[in-house]
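Hi everyone, thanks for coming. Today I'd like to walk you through one protein, step by step, and please have the picture open while I talk.

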Amino acid sequence: QGARLGSARLGMGSPRRLLLISNSTLPGGGYLGHCQQHIQSFLGQNVRRVLFIPYALHDRDAYARTAREKFESLGYGLDSIHESCDPVEAVRKSEAIFIGGGNTFRLLKALYDNCLIHEIRKRVLEDGIPYMGSSAGTNVATVSINTTNDINPLNP
């Protein structure tokens with residue numbers, strides 16, 4: 001429950017590798033506990049470090065700590081983009097990208113503000129690096145965020 005794993009070759013680009021997770025925590029379980037086997041299977045042994053994008057939550061430091069603990073327990077290093085002095089370059093150098101959940105509108109605004117939409121699309125759609133999304137991170141990987149049930153905190 002809660003995870004979809006896919007790989008498809010569309011057009012002339014590389015295969016698209018996506019793991020789209022509906023939520024990061026199920027009742028009674030820990031952070032990403034319900035899908036950690038999917039994560040390990042998806043990332044495999046070729047990925048050593050994951051670039052985490054915590055923009056959907058206000059407390060990015062705490063969110064990055066939680067994600068780092070989980071990924072390190074699975075055998076992967078984790079770099080949080082909000083700690084990078086050049087977020088675009090961090091995406092360009094990433095082996096895999098994980099965008100966490102929270103508020104979809106807050107996430108999308110930060111992605112645009114940091115000029116990351118084009119770079120993430122290029123890395124995932126053209127270069128074929130693995131992309132994981134949880135909740136809001138799944139929403140922004142789709143054609144439209146119209147199905148989100150988030151309230152837009154950015155409107156006055």
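Let me begin with a word we will need all the time: a residue is called buried when its relative accessible area is under 20%, exposed when that value is over 50%, and partly exposed in between. Please also keep in mind that this is a predicted model.

With that word in hand, look at strand β6, residues 131–134. Which of its sides is covered? Both are: Y131 and G133 are buried on one side, and M132 and S134 are buried on the other. Here is the background for that pattern. In a regular strand the side chains alternate between the two faces of the sheet.

Now, who are the neighbours of β6? Strand β2, residues 16–21, pairs with β6 in the parallel sense, over four bridges. If you want a spot to look at, find I21, whose bridge partner in β6 is S134. Strand β5, residues 97–99, also pairs with β6 in the parallel sense, this time over three bridges. There you can find I99 opposite G133.

Let's zoom out for a moment. The protein has six helices and six strands. Reading from the N terminus, the order is β-β-α-β-α-β-α-β-α-α-β-α. There are 156 residues, and 40% of them count as buried.

Next stop, helix α1, residues 36–43. Its buried residues include I39, F42 and L43. Where do the buried residues sit around the helix? Looking down the axis of α1, they fall within an arc of 85°, so they line one face of the helix. The face turned away from that buried side carries Q37 and S41, which are exposed. Right after α1 comes G44, with a positive phi near 65°.

F42 has another partner worth finding on your screen. The charged end of R17 sits over the ring of F42, 4.8 Å from the ring centre.

Two residues of α1 come back when we look at the core. The largest nonpolar core has 21 residues, and I39, L43, F71 and M132 are those with the most contacts inside it. Four elements, β2, α1, β3 and α2, each supply at least two residues of this core. Which one gives the largest share? That is α2, with four residues. A general remark fits here. In soluble globular proteins, nonpolar side chains tend to be buried together.

On to the aromatic rings. There are four aromatic pairs in the structure. One of them is formed by F52 and Y63, and it is edge-to-face, with 5.0 Å centre to centre and 85° between the planes. This pair links distant parts of the chain: F52 is in strand β3, residues 49–53, while Y63 is in helix α2, residues 60–73, and the two are 11 residues apart. Are these two buried or exposed? F52 is buried, with a relative accessible area of 0%, and Y63 counts as buried too, at 7%. Taken together, ring pairs link Y31, F52, Y63, F71 and F98 into a cluster. You have met F71 before, among the residues with the most contacts in the core.

Let me turn to the cysteines. How many disulfides does the structure hold? Zero. For anyone new to the term, a disulfide is a covalent bond between the sulfur atoms of two cysteines. The cysteines sit in quite varied places. C35 counts as buried, at 1% relative accessibility. C85 counts as exposed, at 84%. C115 is exposed as well, with a relative accessible area of 55%.

C115 deserves a second look. You can find it in the loop between α4, 104–113, and α5, 117–126. Its phi is positive, about 55°, although C115 is not a glycine. Why point that out? Because most residues other than glycine have a negative phi. The C-alpha atoms of C115 and P87 are separated by 8.5 Å, and these residues are 28 apart along the chain.

S135 shows a positive phi too, near 55°, and it is likewise a residue other than glycine. S135 lies in the loop between β6 and α6, 136–139. It is partly exposed, with a relative accessible area of 28%. That brings us back to the end of β6, the strand we began with. Thanks for listening, and I'm happy to take questions!

Key. Residues numbered from 1 in each chain as written. Predicted model: local features only at pLDDT ≥ 70, side-chain atom pairs only at ≥ 80, totals over all residues. Heavy atoms only, no water. Buried < 20%, exposed > 50% of the residue type's maximum accessible area, 1.4 Å probe, protein only. Arc of directions from axis to C-beta. Disulfide = S-S within 2.5 Å. Pairing = 2+ DSSP bridges. Phe/Tyr/Trp six-rings, centres within 6.5 Å; stacked < 30°, edge-to-face > 60°. Lys NZ or Arg CZ within 6 Å of the ring centre and 35° of its normal. Core = buried A, V, L, I, M, F, W, Y, C linked by side-chain atoms within 4.5 Å.
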